[in-house]
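Reader: Hi! I'm new to this one, could you walk me through it?
Author: Happy to. Let's put it on screen and go step by step.

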Amino acid sequence: MSHQSIDNLAENPLRRTWRGNKEGTIELESVPKFESPYEEREWIKAHMAAAFRYWGKMGFAEGVSGHITVRDPVLPDHYWMNPFAEHFSTMTKSMLVLVDPSGHVSPHGAQLPINTAGFHIHSAIHKARPDIHAAAHCHSIHGKAWSAFGRPIDTLTQDSCLFYNNLGVYANFGGIVLAQEEGENIAKALGPKMKTCILGNHGLLTLGRTVDEAVYLFAALDRQCHVQLMAEAAAANGIPKTIISPEDAEFTAKTIQWWENTYFQPEYKLLLKETKGDFLL
C-alpha cells in the first residue's frame, strides 16, 4: 500500500488546509500578529475568557477544579489564570488573575484567590517548557474515565493523529497536587516536545503556543477518549479495532498538529453571538 507524502505540499502546514480564489485575494483569518504587548494581552484575555465559557458549554466544570494559564506578554515571568471557585460559564476578562513568579496574586489583574493545585502544576510546566505559552487542565468526564487505565489512546481516527507522538502519560497518581514536586513530575511526563498528557486517575492536560491551541487540544483529546471508550466496548464484544498505520498517522500529524491549525476562532465567534460578548466585560 502506498502512502501520501508532504513533499509536494505547501511548506506552511496551515496553507495546506484551505484554498482561496485564483487571484489570491482571499485570505484565511489566522492568529493575529501584534505590534504592542499590551494589545496582545487584551487578545489573550478575551480568548481565555471565551475558552472558559466553552468549557462550561462542554460540561467540563467540576466544582472548584480546572484551570488555564497563559504567559503574559507584558510581564513574561507572570501568567494569567482563572480565579478559584468561579464557574467556567460566568468567566469574563475582568475576572482573570495575573499570577507572579512566586505563585501569588499580583496587583495587575483581578484581586481574587487562585487554585493551589493549579499553581503547582502550571508553574512547573511554564518553567520546564519555555516554548509553551498556555496550559489547560480540568476534570472532563471522558478524560477522567480513560485516565483510569493509565495508558495512551490508540490512533483510531483522523482526529486522533493530533496526538500521534504528541501524548504523554503520567500514570503515578500521587494525590491532589499540593506540592511543587508533583507538578514537576507531571512536567517531566510531557518531556521536551509533547503538548498533551493523560494524568492517571486524574484527567487530561494540554499545552499550546496559544490559549487557542491548548483549549482546542483539550476538547479534542477528551472526545478521543470518548471514542476510545466506545471502541473498547465494541472490541470487548468481538469487533476488532483498525489502527491507523504509523506512516499515515505521521503524514496527517505533520499538518493537523501545526499550531495555527488548532485555532479556536470558530468557537470564539459562536460564543460572541451566543453571549452577545458578555465574556469580554
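Author: One term before we begin: pLDDT is the predictor's confidence in each residue, from 0 to 100. It matters here because this is a predicted model.

Reader: Okay! What does the protein average in pLDDT?
Author: The average is 93, and 99% of the residues score at least 70.

Reader: Which elements have the lowest and the highest mean pLDDT?
Author: Helix α4, residues 180-190, has the lowest mean, at 85. The highest is that of β3, at 98.

Reader: Now the sheet. How many strands form it, and in what order?
Author: There are 7 strands in an open sheet, ordered β3-β2-β1-β4-β7-β6-β5, with mixed pairing. The edge strands are β3 (97-99) and β5 (167-170), each of which pairs on one side only. From one strand to the next, the twist averages 20°.

Reader: What holds paired strands together, in general?
Author: Strands of a sheet pair through backbone hydrogen bonds, and the pairing can be parallel or antiparallel.

Reader: Let's zoom in on β7. Is β7 buried or exposed?
Author: Buried: 6 of the 6 residues of β7 are buried, so the strand is largely enclosed by the rest of the structure.

Reader: And how do β4 and β7 run, parallel or antiparallel?
Author: They run antiparallel, joined by 5 bridges. In that region A135 stands opposite L207 of β7.

Reader: What about β6 and β7?
Author: Strand β6 (residues 196-199) pairs with β7 (residues 203-208) in the antiparallel sense too, over 4 bridges. T196 stands opposite T206 in β7, while L199 has G203 as its bridge partner there.

Reader: What's going on in the loop between β6 and β7?
Author: That loop is where N201 sits. The hairpin of β6 and β7 has 3 residues between the strands, and N201 takes a positive phi near 55° in it.

Reader: Why point out a positive phi?
Author: Because most residues other than glycine have a negative phi. A85 is another case, with a positive phi of about 60° although it is not a glycine.

Reader: Where is A85, and is it buried or exposed?
Author: A85 lies in the loop between β2 and β3. Its relative accessible area is 49%, so A85 counts as partly exposed.

Reader: Switching to helices: what does α1 touch on the sheet?
Author: Helix α1 (residues 37-58) packs on the sheet and touches β1 (67-71), β2 (79-81), β3 and β4 (134-138). Its direction makes about 165° with that of β1. Helix α2 (residues 116-128) lies across β1, β2, β4 and β7, running at about 35° to β1.

Reader: How do α1 and α7 cross?
Author: The axes of α1 and helix α7 (residues 265-275) come within 10 Å and cross at roughly 80°. That angle makes α1 roughly perpendicular to α7.

Reader: Which residues make the contact?
Author: From α1 they include A46, H47 and Y54, and from α7 they include Y268, L270 and L271. By class, this contact of α1 with α7 has 6 nonpolar, 3 polar and 4 charged residues.

Reader: One last spot: is S140 buried or exposed?
Author: S140 has a relative accessible area of 1%, so it is buried. You'll find S140 in the loop between β4 and α3 (141-147). Leaving aside its neighbours within four places in sequence, S140 is in contact with F60, L204, F218 and D222.

Terms used:
Residues are numbered from 1 along each chain as its sequence is written. This is a predicted model: local features need pLDDT of at least 70, side-chain atom pairs count only at pLDDT 80 or more; totals for chains, interfaces and linings use all residues. Side-chain values use heavy atoms; hydrogens and water are left out. Two strands pair if DSSP finds at least two bridges between them. Helices (H or I, at least four residues) and strands (E, at least two) are DSSP runs, numbered from the N terminus. Axes are lines fitted to C-alpha atoms, for helices over the stretch in contact, and angles run from 0 to 180 degrees between N-to-C directions. Contact means heavy atoms within 4.5 Å. Angles under 35 degrees count as roughly parallel, over 145 as roughly antiparallel, 65 to 115 as roughly perpendicular and the rest as oblique. Ala, Val, Leu, Ile, Met, Phe, Trp, Tyr, Cys and Pro count as nonpolar, Asp, Glu, Lys and Arg as charged, and the others, Gly among them, as polar. Buried means under 20% relative accessible area, exposed over 50%, partly exposed in between (1.4 Å probe, protein chains only).
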